[in-house]
Amino acid sequence: MDNIIVVKFGGSSLANGAQFKKVKEIITADKRRRFIIPSAPGKRNGKDHKVTDLLYMCHQLASHGLNFEEVFKIIKDRYVEICRELNLEIDIEGYLNEIKNNIRDGASRDYTASRGEYLNGIILANYLGFKFIDAKEIISFNNDGIFNEADTEKKVRERLKDIDYAVIPGFYGANKNDEIVTFSRGGSDITGSIIANGVKADIYENWTDVSGFLVADPNIIKNPNPMEIVTYKELRELSYMGASVLHEEAIFPVRKYGIPINIRNTNIPGDKGTMIVNDATPVNFKGITGISGKKDFTVISIEKTLMTSEKDFFRKVISVFETNDISIEHMPSSIDSISVVVPTPEIGSKLKKVIEEIRILCNPDNIEAYSDMALIAVVGRGMIRTKGISARIFTALGKAEINTRMIIQGSSELNIIIGVENEDFEKAIEAIYRAFY
């Protein structure tokens, strides 16, 4: 069995027994699906709770010496019901009681949160007849909580080399003291990516409740087109500007070996989903790949004649934001002016202080701030070689009577970022989308 597919299932894919049955059908439909990474049970409906949220709540209550039995019973009932629906002979109550006692005895927040994946891993392994491997045996963290890539790669390779089929829970690992450490929320995506890297998988399938990435936000565009293929770099650009399906750190482990990621829909397994491919993959593509964006930015525009001849001018400007602990998103400049784009929630009440410090340090001719700005990223690997893309974008915005306040194009020419007023955000995305689809 040379070909290996590593498969990760999200919380909605494992929310109840009926979903587990769909998952089993997907796994058994292809013998190459050998290593399975489950998340904790997600929401079954809009009013439901994610098991991980309930576990965090248990820890919060227990750490204040409060009774968490009522919340824990909701968790217990979920797992007991899943096992009953699947007719499994597991002592699930024994596992649950051990976890409950550990939480009561002061178990860490990370340990508590990780138990959702741990229990789902045990159930899924039992249901599939696969070997269960606890993630803490192979996912390694340093004692400062930083992921140890080299140690993990070695452990994964050694532990899995003679195993045909296994279930490994997502989201957590352990440090050198054998204490459980979790990734950030959504970290099961990262676990799947790490395992795919460790076993040199041919594909990393990430099964969720959507059929891959969409060209634009479905809350703005009704039934937007799906993206069939997207490169790692394009995905980074789109994720950074607000598009979400995959934990963005999940790209790094597989990118190293060029392992493609396939985003698929557990509820519509026939859909091909989106394939995330190596940046070097040749693509015959003449349009845009996706549109994403975020609202609520503040732009501080600084004008100064001959500023480029002052060698430390840019450093002084940046230092003001650094000392005030404010992230800079973009810094477009021209011969005598520079604009600094920052998230409005970060600068908030510091705006007057920042402007005053720039005045003192940089002695500008003029300085102004504009809030209520939105940024839209139009991303596409074909843009650099395709004539007329920019013209189509700005013609569409002009026809929709949208005032473009700012245009930023990176040196990679993979994306164009457009600044518009917050109130024009949705209208602008719709105009750009309609120009290409």
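## The eight-stranded sheet

In this predicted model, eight strands make up an open sheet of mixed pairing, and their order across the sheet is 3-4-2-1-7-9-10-8. At its edges are strand 3 (131–132) and strand 8 (229–231), each of which pairs on one side only. Strands of a sheet pair through backbone hydrogen bonds, either parallel or antiparallel.

One edge can be followed residue by residue, since strand 3 runs parallel to strand 4 (residues 166–167) and is joined to it by two bridges. Within this pair, Lys-131 has Ala-166 of strand 4 as its bridge partner. Helix 5 lies across strand 2 (33–38), strand 3 and strand 4, and its direction makes an angle of about 150° with strand 2.

## The nonpolar cores

Which residues have the most contacts inside the largest nonpolar core? They are Val-6, Ile-123, Ile-195 and Ile-432, in a core that has 113 residues. Helix 5 (residues 109–128) provides the largest share of this core, namely nine residues. Apart from this core lies another one, of 17 residues, which includes Val-317, Phe-321, Ile-355 and Ile-367.

Ile-195 shows what such a position looks like in detail: when residues up to four places away in sequence are not counted, Ile-195 touches Val-6, Phe-35, Ile-37, Ile-138, Ile-139, Val-156, Leu-160 and Ile-168. In soluble globular proteins, nonpolar side chains tend to be buried together.

## The five-stranded sheet

A further open sheet is formed by five strands in the order 12-11-13-15-14, with antiparallel pairing. Strand 12 and strand 14 (406–409) have a single partner strand each, so one side of each of these edge strands is left without a neighbour in the sheet. From one strand to the next, the twist averages 35°.

Strand 11 (residues 290–303) is mostly covered, with ten of its 14 residues buried. On one pairing, strand 11 is antiparallel to strand 13 over eleven bridges, and Phe-297 stands opposite Met-373 in strand 13. Strand 11 is also joined to strand 12 (residues 337–343) by seven bridges, again in the antiparallel sense, and here Phe-297 stands opposite Pro-343 in strand 12.

Strand 13 in turn is connected to strand 15 by seven bridges, and these two strands run antiparallel. In that pair, Val-379 has Asn-415 of strand 15 as its bridge partner. Helix 8 (residues 232–240) lies across strand 11, strand 13 and strand 15, at an angle of about 65° to strand 11.

## Helix 13 and what covers it

Helix 13 (residues 389–399) has Ile-389, Ile-393, Ala-396 and Leu-397 as its buried residues. These residues are on the same side of helix 13 because they cover an arc of only 95° around the axis. An α-helix has 3.6 residues a turn, so residues three or four places apart point the same way.

What covers the buried residues of helix 13? The covering elements include strand 13 (366–379), strand 15 (415–421) and helix 14 (425–436). After helix 13 comes Glu-401, which has a positive phi, near 60°.

## Ala-428 in helix 14

Ala-428 is a residue of helix 14. Is Ala-428 buried or exposed? Ala-428 counts as buried, because its relative accessibility is 0%, and the cut-off for buried is under 20% relative accessible area. Leaving aside neighbours within four places in sequence, Ala-428 is in contact with Ile-376, Leu-397, Ile-402 and Val-420; Leu-397 is also one of the buried residues of helix 13.

Positions along the chain and positions in space can be set side by side here, since Ala-428 and Leu-238 are 190 residues apart in sequence and 16 Å apart in space, from C-alpha to C-alpha.

## The cysteines

How many disulfides does a search of the whole structure find? The search finds zero disulfides. Cys-83 is in no disulfide, and the nearest cysteine sulfur, which belongs to Cys-58, is 18 Å away. A disulfide requires a pair of cysteine sulfur atoms within 2.5 Å.

Cys-83 is nevertheless covered, in the sense that it is buried with a relative accessible area of 5%. Cys-362 is buried too, with a relative accessible area of 2%.

Methods: Residues numbered from 1 in each chain as written. Predicted model: local features only at pLDDT ≥ 70, side-chain atom pairs only at ≥ 80, totals over all residues. Heavy atoms only, no water. Buried < 20%, exposed > 50% of the residue type's maximum accessible area, 1.4 Å probe, protein only. Helix = DSSP H or I, 4+ residues; strand = E, 2+ residues; numbered from the N terminus. Arc of directions from axis to C-beta. Contact = heavy atoms within 4.5 Å. Core = buried A, V, L, I, M, F, W, Y, C linked by side-chain atoms within 4.5 Å. Pairing = 2+ DSSP bridges. Axes fitted to C-alpha atoms, helices over the stretch in contact; angles between N-to-C directions.
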